[in-house]
Amino acid sequence: MIPRIGNSVLRSARSQLKSHSGPTYVASLSAFSRLLSSLAVLEQKDGKLLQGALGSVTAAQKLGGSITGFIAGSNIKAVAEEAAKVKGIEKIIAVDNASYDKGLPENYAPLLVENIKKGGFTHILAGHSAFGKSLMPRVAALLDVQQISDITAIEDEKTFVRPIYAGNAIATVESSDDIKVITIRGTAFAAAETEGGSASIEDGVDSNAECATEWVSEQLSKSDRPDLATAGKVVSGGRGLKSKEEFDRVMLPLADALGAAIGASRAAVDSGYADNSLQVGQTGKIVAPQLYLCAGISGAIQHLAGMKDSKVIAAINKDADAPIFQVADVGLVGDLFDKVPELTEKLNK
Amino acid sequence: MSGLRILVPIKRVIDYAVKPRVNKAQTAVETAGVKHSMNPFDELSIEESVRIREKKSFPHGVAEIIAFTAGPPKSADILRTAMAMGADRSIHVEFKDGEEIEPLGVAKLLQAVVKKEKIDLVVLGKQSIDDDSSQTGQMLAGLLNWPQATQASNVGFGGDKKITVEKEVDGGTETVRGTIPMIITTDLRLNEPRYASLPNIMKAKKKKIDKMSASDLGVDVARRLKTLKVIEPPPRQGGGKVEDVDGMIAKLKELGAI
């Protein structure tokens, strides 16, 4: 009971402070009764904090209110200390237990739910990554709330914007749930700065739930190139590349010349030219780099869903009527087997 | 143990090849007079279930494959398709046209059906291509406290009710092993769905569809999210074409992209 009272006193004190802070006066009226308190679920892998998940901290900053980070795994202290430096986080809840290393939702979800209930958080945020997608709906169901997936903007504490129909429509939705469980689109919220914060670290509750699945193995494609989801430049190839050998021969040097990540269309992935994890589109990765340069991609709506928020889109395609040219800032009609090597050579000069 | 009882939830959505248009009132996407089909990921779920039966992957066989949908009267069409592909019978939880049930509501309906039909395995698509939520399978797993394997690209069975699933994750694949009862959500690379043959379409007409309402199952599907508005995304203007590679480099420099 005592910590709970302490908490509510703190909260009302904070909301008092907030309501006198000028410009945020109106916004904080609704927060008066129940102040925002966000929990950002941070992803770690092999003792490293994943930068891709730090967009959830940025989103929490947009909501206002206090921000707590959550992290779990073995020997968690070092990662927790790293997370404590992330700007904007006040507190890190860390659970040190190797059972959470692989982020399996069967035990991670009950763990989160217990810590959410104990902390009285109003907003739970995670990246819309494979980890977030697998975990958060399970958490939402256990809390009996309707999750809001893959948001691209926050209007207020209960109103969120998200793309539907492969990004062909943008919906604004208002949640009536007490706890908002949210996954965020990484490309819409820049990662929070990893320096400048000084959060306190405390041990979370360990629910020690049984895990009904066991992790067997993983096969990750190793690459020295930038990560596709967060890269500043992406070079992407499609069916027009004709084979894996040609894909590698033509596209990889271009990516190297630009320092870009490699992406692919579904057709290229299905035909085995590129790895599944490189697929850009509605059902693959969503990217929004400074430059998206694609070759041999026609531009089906499912592909556009994954890249049309790129700052500059450049396309090389031999079909002058390909839909990709309707969105490309720079279009070049021509045979990619001539044009891409020429481009690579000229960029290397 | 007896044969597997598989439940395959499917959804009727606007056909994937149609470009959706937002209605004039900006309240929703226009659905009237637009071609609808089975959600592509759900076709993979049906296909996988039928293959488990055909390939006898599970040592005790498959007792029954039940297709399920929660949707308007016209959703019966996709249940027929599922049965033509090999599902044995169907359950249709009927809603009025335009009444959209959220993933949490669907998961609760499925939870009730799983109990009623003594289901051992639920195979769902990883997401529906209209709402793009990617939630229902995980929510159902949470409600039932069953293991889950999402974004499956390969499903294999071992002795003692074990299922090994290769999942597509960021950066590659991950393999997990669970025990039946279990939830699997399908990803694009899992299989290639078959076309229903004419004789099978005819046979499917004789298969049974049980119609029921949410209240028959004792489930409250009240929405938690209110859609305030739906708009078209800002259009992107193509910047036109350049003549050659030099033109492309010059334009990219001008735009500050390189």
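Author: Helices (H or I, at least four residues) and strands (E, at least two) are taken here as DSSP runs, numbered from the N terminus. This is a predicted model, in which local features need pLDDT of at least 70 and side-chain atom pairs count only at pLDDT 80 or more, while totals for chains, interfaces and linings use all residues. Residues are numbered from 1 along each chain as its sequence is written, chains are lettered from A and ligands numbered from 1 in the order in which they are written, and side-chain values use heavy atoms, with hydrogens and water left out.

Reader: What percentage of the residues in chain B is buried?

Author: Chain B has six helices and 13 strands, and its C-alpha atoms fill a box of roughly 70 × 40 × 40 Å along the principal axes. A residue counts as buried under 20% relative accessible area, exposed over 50% and partly exposed in between, with a 1.4 Å probe and protein chains only. Applied to the 258 residues of chain B, this gives a buried share of 55%.

Reader: Among contacts in chain B between residues at least 6 apart in sequence, what share joins residues at least 24 apart?

Author: A contact here means heavy atoms within 4.5 Å. Of the contacts in chain B whose partners lie at least 6 apart in sequence, the share joining residues at least 24 apart is 70%.

Reader: Where does Asn145(B), which is not a glycine but has a positive phi, have its place?

Author: Most residues other than glycine have a negative phi, and most peptide bonds are trans. Asn145(B) nevertheless has a phi of about 55°, and at a relative accessible area of 59% it is exposed. Its place in chain B is the loop between α4 (136–144) and β7 (148–157).

Reader: Which loop holds Lys161(B)?

Author: Lys161(B) is not a glycine, yet its phi is positive, at about 60°. Its relative accessibility is 36%, so Lys161(B) counts as partly exposed. In chain B it sits in the loop between β7 and β8 (162–169).

Reader: Which residue does a cis peptide bond join to Ile180(B)?

Author: The omega of this bond is about 5°. The partner has its place in the loop between β9 (172–179) and β10 (182–186) of chain B, and its name is Pro181(B).

Reader: Is α2(B) largely enclosed by the rest of the structure or largely open, and how many of its 10 residues are buried?

Author: The buried residues of α2(B) are Ala76(B), Ile78(B), Leu79(B), Ala82(B), Met83(B), Ala84(B) and Met85(B). The helix is followed by Gly86(B), which has a positive phi near 140°. Because so many of its 10 residues are buried, α2(B) is largely enclosed by the rest of the structure, the count being seven.

Reader: Which side chain forms a salt bridge with Arg51(B)?

Author: A salt bridge requires a side-chain nitrogen of Lys or Arg within 4 Å of a carboxyl oxygen of Asp or Glu, and by this rule there are 37 over all chains. Arg51(B) is partly exposed at 23%, and its partner, four residues apart from it in helix α1 (residues 40–54) of chain B, is separated from it by about one helical turn. That partner is buried, with a relative accessible area of 2%; the closest N and O atoms are 2.6 Å apart, and the residue is Glu47(B).

Reader: How many residues apart are Arg53(B) and Asp88(B)?

Author: The side chains of Arg53(B) and Asp88(B) meet in a salt bridge with an N to O distance of 2.6 Å. The pair links distant parts of the chain, with Arg53(B) in helix α1 and Asp88(B) in the loop between α2 (76–85) and β5 (89–94) of chain B, and the separation in residues is 35.

Reader: What is the N to O distance in the salt bridge of Asp248(A) and Lys244(A)?

Author: Asp248(A) and Lys244(A) are four residues apart in helix α7 (residues 244–258) of chain A, which means that about one helical turn separates them. Asp248(A) is partly exposed at 28%, and Lys244(A) is likewise partly exposed, at 39%. Their salt bridge has an N to O distance of 3.1 Å.

Reader: At what angle do α7(A) and helix α10 (residues 336–348) of chain A pack?

Author: The residues that meet include Leu254(A) in α7(A) and Phe337(A) in α10(A). Axes are lines fitted to C-alpha atoms, for helices over the stretch in contact, and angles run from 0 to 180 degrees between N-to-C directions. The axes of α7(A) and α10(A) are 9 Å apart, and their angle is about 30°.
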